[in-house]
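Work through the following exercises with the sequence and the coordinates open. Each task is followed by a solution in steps.

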Amino acid sequence: MGRGSGETEMWSRGVAGPFVRRRPSWTRRYSRRQAIGLLGGSLAGVGLLSLGLASPAKAANPSWATITGPSGYSIPQLSAVRNGNWFDLTLQWRIVFQASVVNHEFETNWVLYEDDSTSADDLISATVEPHVHSAYSPYKVFIPSQANPSNPREVGFRETIIWHRDDLDTELGGEEIFAYVRVGDNTTNSGLYGIRTTQLDLSP
Ligand SMILES: [Ca+2]
Ligand SMILES: [Ca+2]
């Protein structure tokens, strides 16, 4: 799975700048999926485990790279454009590598979640035809010195994938949508490290 309708392009930009974190919502809400019995907390927990983020040590930048945002942003940026019942979710991220690893092979992708303060976060797969796909975007495999020969320490990504409003609507009230951007060094079999993106407040 995971093909989706995403488009990928590689690009590079300048230095990152300041980022203002949104205030979290403290409003208690009940999961729509829990209410109608489709998805319990245990399933969401499986998603977290398979993400490899159950281990806190991995929910961070590795020593050999920094996952950052596009030009002007210090963390990956998630944005949405609504088209009727569908949302185009776009993720922009950039990975800044240590000079010693620019000839290694890496993989990167992202995974979409809905923040839930009262149970495990919901992993959001796309189940509505014709854009059925995994919550995990397809892996992009690359070698920095080949992906960006003029500046191999920085490789940028931009990807747009479609979700239906019914999949994004995981609870009563609005949704706190975010993603983890993940990177792993295939040359050293480092495992995956993940950085959380900005949060989108949607009302799908
Ligand atoms: Ca929530
Ligand atoms: Ca909702």
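**Exercise 1. Find the residue in β4 that stands opposite Ser79, then follow the pairing outward from β4.**

Step 1. Ser79 faces Thr90 of β4. Strands here are DSSP runs of E with at least two residues, helices are runs of H or I with at least four residues, and both are numbered from the N terminus.

Step 2. The strand β3 covers residues 77-83 and runs antiparallel to β4, with 7 bridges joining them. Two strands count as paired if DSSP finds at least two bridges between them.

Step 3. Between β3 and β4, which form a hairpin, there are 2 residues, and Gly84 in the turn has a positive phi of about 65°.

Step 4. Thr90 also has a bridge partner in β8, namely Thr160. The pairing of β4 with β8 is antiparallel and extends over 11 bridges.

Step 5. β2 pairs with β4 too, in the antiparallel sense, over 4 bridges. Within this pairing Ile67 has Ile95 of β4 as its bridge partner.

The model is predicted: local features need pLDDT of at least 70, side-chain atom pairs count only at pLDDT 80 or more, and totals for chains, interfaces and linings use all residues. Residues are numbered from 1 along each chain as its sequence is written, while chains are lettered from A and ligands numbered from 1 in the order in which they are written.

**Exercise 2. Classify Asp88 and Leu78 as buried, partly exposed or exposed, and list their contacts.**

Step 1. Use the cut-offs: a residue is buried if 20 or more other C-beta atoms lie within 10 Å of its own, exposed if 12 or fewer, and partly exposed in between, with C-beta atoms placed from the backbone.

Step 2. Asp88 is located in strand β4. Asp88 is partly exposed because 15 other C-beta atoms lie within 10 Å.

Step 3. For contacts, the C-beta atoms of two residues, placed from the backbone, must lie within 7 Å. Apart from neighbours within four places in sequence, Asp88 is in contact with Ala80, Val81, Asn83, Thr160 and Ile162. Asp88 and Ile162 are 74 residues apart in sequence, yet their C-alpha atoms are 4.6 Å apart.

Step 4. Leu78 belongs to strand β3. Leu78 counts as buried because it has 22 C-beta neighbours inside 10 Å.

Step 5. Again without neighbours within four places in sequence, the contacts of Leu78 are Leu89, Leu91, Phe178, Ala179, Thr197, Thr198 and Leu200. From Leu78 to Ala179, 101 residues apart along the chain, the C-alpha separation is 7.4 Å.

**Exercise 3. Identify the residues with the most contacts inside the largest nonpolar core, and the strands that supply it.**

Step 1. A nonpolar core is a set of buried Ala, Val, Leu, Ile, Met, Phe, Trp, Tyr and Cys residues joined through C-beta atoms within 7 Å. The largest one has 34 residues, and Val111, Leu112 and Ala179 have the most contacts inside it.

Step 2. At least two residues of this core come from each of β2, β4, β5, β8, β9 and β10. The largest share, 6 residues, is that of β4.

Step 3. Not counting residues up to four places away in sequence, Leu112 touches Leu89, Ile124, Ala135, Ile177 and Ala179.

Step 4. For context, nonpolar side chains in soluble globular proteins tend to be buried together.

**Exercise 4. Locate the cis peptide bond and a positive phi in a residue other than glycine.**

Step 1. As background, most residues other than glycine have a negative phi, and most peptide bonds are trans.

Step 2. The cis bond joins Glu129 and Pro130, with omega about 0°. Pro130 sits in the loop between β6 (122-123) and β7 (140-142).

Step 3. Asn189 has a positive phi, near 50°. Asn189 lies in the loop between β9 and β10, and it counts as exposed because it has 7 C-beta neighbours inside 10 Å.

Step 4. β9 and β10 form a hairpin with 6 residues between them. Their antiparallel pairing runs over 5 bridges, and in it Gly184 is partnered with Leu192 of β10.

**Exercise 5. State how many helices and strands the chain has, and where pLDDT stays under 50.**

Step 1. The protein chain has 4 helices and 11 strands. Of its 204 residues, 33% are buried.

Step 2. The average pLDDT, the predictor's confidence in each residue from 0 to 100, is 79, and 72% of the residues score at least 70. Over residues 1-57 pLDDT stays under 50.
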